[in-house]
Amino acid sequence: MTNRELIEKLRDERTLTKDVWIQLFSTWTDDDRAFAAKEAQKVSVSRFGRDIYFRGIIEFTNICKNNCYYCGIRRDDEAVSRYRLTKDEILDCCAEGHALGYRTFVLQGGEDGYFTDERMVDIIKEICAQYPDCAVTLSIGERSRESYQRLFDAGARRYLLRHETANEAHYGLLHPPELSWQNRMRCLRDLKAIGYQTGAGFMVGTPGQTPELLAEEMRFLTDFKPEMYGVGPFLPHQGTPFRDKPAGSPELTLLVLSLARLALPDLLLPATTALGTVRGDGRQLGVLAGANVVMPNLSPMSVRKKYLLYDGKAGTDCDAKAGLESLRAQMEQIGYRLVEGRGDFAAGA
Ligand code: SAH
């Protein structure tokens, strides 16, 4: 079968065998990618129209106990100036975001022991009380099942925890020995079992990633069926062991987005900041390749340059309002619009 036929098969049957995925990732051309994007766009338009959900990311702490080899806020980088926002500062971000039309707040941070269950519960409850029309999404790493349950009971309904790679040995190449792929997977299963809309995902172009591993990614996607899926290019950060590694390819990232859309038509699929960082039009291309979510930055200006997961991160120079307006203009340029609303996952229309 040609790659084009494989893409049609994926569209019609929603999954492919591992060998076929390997073929696709070993031999794809730019024409294949454009074809996948066109098909994926048809699926996303039929499912969501030309509506794009927007979520405000509040980067509330860059303090982290982990030492991931790729990440710009890893524990051992002493050049990073560390901060954590107070509850009031977080609530100020929500107030600003709500006035701008945001109806989802994503609390993202390093694994910072200061934010115990008790403190997180207090923050989540307060956001839910002040903004009953909003969804709270957490992206704060690995915790126990009991902890995830307490945060859910406090009102959080979505959780982003990229698995980073679907292959255990590859996970070991990207992380220090104290972190385990098994535990990452345990977390994802717990989150789903508790009832969170669960976001998995990975970086395209991490060191050691092969067509075979990309095939495993797609198999993981179609087996686990997350509600959300964050995929962006790996981008090096000068303070990490991966400083000299090449960045992931935006084209391959776009191909993965399209294939993910074809596999799971209902997926909440962001055009990521990392994609918008490697190319100025990255988020537009992401939407044209099947993405239906964008996640602009709602963090206070004073901390934005301290939350750099990779070098050159887009959006650290303009404030929440200006950032949202330029994104809105970008979306309108390609015939899409940002829509106000929680934008929860909904299965098959
Ligand atoms: N600590 C939390 C959330 C913050 S990191 C967690 O571990 O889930 C959010 C995501 O940013 C990570 O899952 C990773 O996929 C991505 N990321 C980190 N470093 C990156 C880099 N150098 N290039 C691209 N993406 C990166």
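Where is the place of proline 226? I looked there first. Proline 226 sits in the loop that joins α9 (211-224) to β7 (228-233). I kept in mind that this is a predicted model.

**Proline 226**

I checked the accessibility of proline 226. Its relative accessible area is 3%, so I entered proline 226 as buried. Then I listed its contacts, leaving aside neighbours within four places in sequence. Proline 226 is in contact with Lys192, Thr198, Ala200, Leu221, Leu264 and Leu267. I also took a C-alpha to C-alpha distance to aspartate 281. The two residues are 55 apart in sequence and 27 Å apart in space.

**Ligand shell**

Which residues come nearest to the ligand? I found 17 residues around the ligand, and Tyr70, Gly109, Arg162, Glu164 and Leu235 come nearest. I sorted the shell by residue class: ten are nonpolar, four polar and three charged.

Next I went through polar atoms at the ligand. A backbone N or O atom of tyrosine 70 is 3.0 Å from a ligand nitrogen. A polar backbone atom of glycine 109 is also placed 3.0 Å from a nitrogen atom of the ligand. For arginine 184 the side chain is involved: one of its polar atoms lies 3.4 Å from a ligand oxygen. I then looked at burial of the ligand. Alone, the ligand exposes 550 Å², and the protein buries 91% of that area.

**Two residues with positive phi**

Glutamate 164 had come up at the ligand, as one of the residues that come nearest. I looked at its backbone. Glutamate 164 has a positive phi of about 75 degrees, although it is not a glycine. Glutamate 164 is in the loop between β5 (158-160) and α7 (168-174). Is glutamate 164 buried or exposed? Its relative accessibility is 9%, so glutamate 164 counts as buried.

Arginine 14 also has a positive phi, of about 70 degrees, and is not a glycine either. I traced arginine 14 to the loop between α1 (3-13) and α2 (18-27). The relative accessible area of arginine 14 is 43%, so I entered this residue as partly exposed.

**Nonpolar cores**

I turned to the largest nonpolar core. It has 67 residues, and Ile127, Leu138 and Tyr196 touch the most other members. Which helix gives the most to this core? Helix α8 (residues 181-194) does, with six residues.

I followed leucine 138 through its contacts, not counting residues up to four places away in sequence. Leucine 138 touches Leu107, Met120, Ile124, Leu151, Ala156, Arg158, Tyr159, Leu160 and Tyr196. I noted a separate core as well. This other core has 34 residues, among them Val43, Leu254, Leu255 and Leu275.

**Isoleucine 73**

I placed isoleucine 73 in the loop between β2 (56-61) and α4 (87-100). Isoleucine 73 counts as buried because its relative accessibility is 3%. Which residues is isoleucine 73 in contact with, leaving aside its neighbours within four places in sequence? I listed Asn62, Cys64, Arg82, Gly110, Lys306, Tyr307, Leu308 and Leu309. I took the C-alpha separation for one of these pairs. Isoleucine 73 and glycine 110 are 37 residues apart along the chain, with 7.4 Å between their C-alpha atoms.

**Asparagine 292**

Asparagine 292 lies in the loop between α12 (282-288) and β8 (293-294). I read a relative accessibility of 1%, so asparagine 292 counts as buried. What does its side chain make a polar contact with? The partner is the side chain of arginine 261, at 3.1 Å. Not counting residues up to four places away in sequence, asparagine 292 touches Phe48, Asp51, Ile52, Tyr53, Arg261, Leu267, Leu268 and Leu269.

**Methionine 295**

On the other side of β8, methionine 295 is in the loop that leads to α13 (301-304). Methionine 295 counts as buried because its relative accessibility is 16%, and the cut-off for buried is under 20%. I listed its contacts, again not counting residues up to four places away in sequence. Methionine 295 touches Arg55, Ile57, Val106, Leu160, Pro270 and Thr273. How many residues along the chain lie between the positions of methionine 295 and isoleucine 57? They are 238 residues apart along the chain, yet their C-alpha atoms are separated by 6.3 Å.

Notes
Residues numbered from 1 in each chain as written. Predicted model: local features only at pLDDT ≥ 70, side-chain atom pairs only at ≥ 80, totals over all residues. Heavy atoms only, no water. Near = heavy atom within 4 Å. Polar contact = N/O pair within 3.5 Å; in protein donor to acceptor, adjacent residues only side chain to side chain. Areas by Shrake-Rupley, 256 points an atom, 1.4 Å probe, with all protein chains shown as cover. Nonpolar A, V, L, I, M, F, W, Y, C, P; charged D, E, K, R; others polar. Core = buried A, V, L, I, M, F, W, Y, C linked by side-chain atoms within 4.5 Å. Buried < 20%, exposed > 50% of the residue type's maximum accessible area, 1.4 Å probe, protein only. Helix = DSSP H or I, 4+ residues; strand = E, 2+ residues; numbered from the N terminus. Contact = heavy atoms within 4.5 Å.
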